[in-house]
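Please open the model in your viewer and keep the sequence panel beside it. The stops below follow one another, each with something to select and something to look for.

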Amino acid sequence: MAEKEEHGGDGVVVVDPKPSKGFTSKVVDWLEKLMVKLMFDSSQPQHFLSGNFAPVRDGTPPCKNLPVIGYLPVGQTD
């Protein structure tokens, strides 16, 4: 590879990408922003905020002395 890899501490490879901001990159970015702007419809419900992923309407307040059933495995306690 022509790229130089630098190793950080603990054997971790440090990734330092340097994206090109040339004419082609700017055109692609502009086209992407245009497509998002044309396809986004604020009148439609947001599908990723529905079903099990919808915001909670009736939250329960925190409670004290909550009974816990079970135990922590040996070695997991401090």
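Which pattern does the protein chain follow when read along the sequence? Colour the chain by secondary structure, and you will find the pattern β-β-α, made up of one helix and two strands. Keep in mind from the start that this is a predicted model.

Next, colour by confidence. The mean pLDDT of the protein chain is 78, and 83% of its residues reach 70 or more. Confidence is lowest in strand β1 (residues 6–7), with a mean of 54, and highest in α1, with a mean of 90. Where pLDDT is low, the predicted coordinates should not be read in detail.

Now show the surface of the whole chain. The accessible surface of the protein chain comes to about 8700 Å², and carbon and sulfur atoms account for 60% of that area. Of the 78 residues of the chain, 0% count as buried.

Select residues 23–39, which form helix α1. How many of the 17 residues of α1 are buried? The number is zero, so the helix lies largely in the open. If you place a distance between its end C-alpha atoms, you should read 24 Å, which agrees with the span of 24 Å expected for 17 residues at 1.5 Å a residue.

Staying with this part of the chain, select F23, V27, W30, L31, L34, M35, L38 and M39, and display their side chains as a surface; together they make a nonpolar surface patch of about 900 Å². One of them, L38, is placed in helix α1, and L38 counts as exposed because its relative accessibility, 63%, is over the 50% cut-off.

For the next stop, select K21 and D29 and show their side chains. These two residues form a salt bridge, in which the closest N and O atoms are 3.4 Å apart, and the structure holds one salt bridge. Are the two partners buried or exposed? K21 is exposed, with a relative accessible area of 54%, whereas D29, at 28% relative accessibility, counts as partly exposed.

Finally, move to the segment after α1 and select N65, which is placed there. The point to examine is its backbone: phi of N65 is near 60°, a positive value in a residue other than glycine. Most residues other than glycine have a negative phi. With the surface switched on again, N65 is seen to be exposed, with a relative accessible area of 76%.

How values were computed
Residues numbered from 1 in each chain as written. Predicted model: local features only at pLDDT ≥ 70, side-chain atom pairs only at ≥ 80, totals over all residues. Heavy atoms only, no water. Patch = residues over 30% accessible without salt bridge, like charges linked within 9 Å, V, L, I, M, F, W, Y side chains within 5 Å. Areas by Shrake-Rupley, 256 points an atom, 1.4 Å probe, with all protein chains shown as cover. Salt bridge = Lys/Arg side-chain N within 4 Å of Asp/Glu carboxyl O. Helix = DSSP H or I, 4+ residues; strand = E, 2+ residues; numbered from the N terminus. Buried < 20%, exposed > 50% of the residue type's maximum accessible area, 1.4 Å probe, protein only. Expected span 1.5 Å × (residues − 1). pLDDT = per-residue confidence, 0-100.
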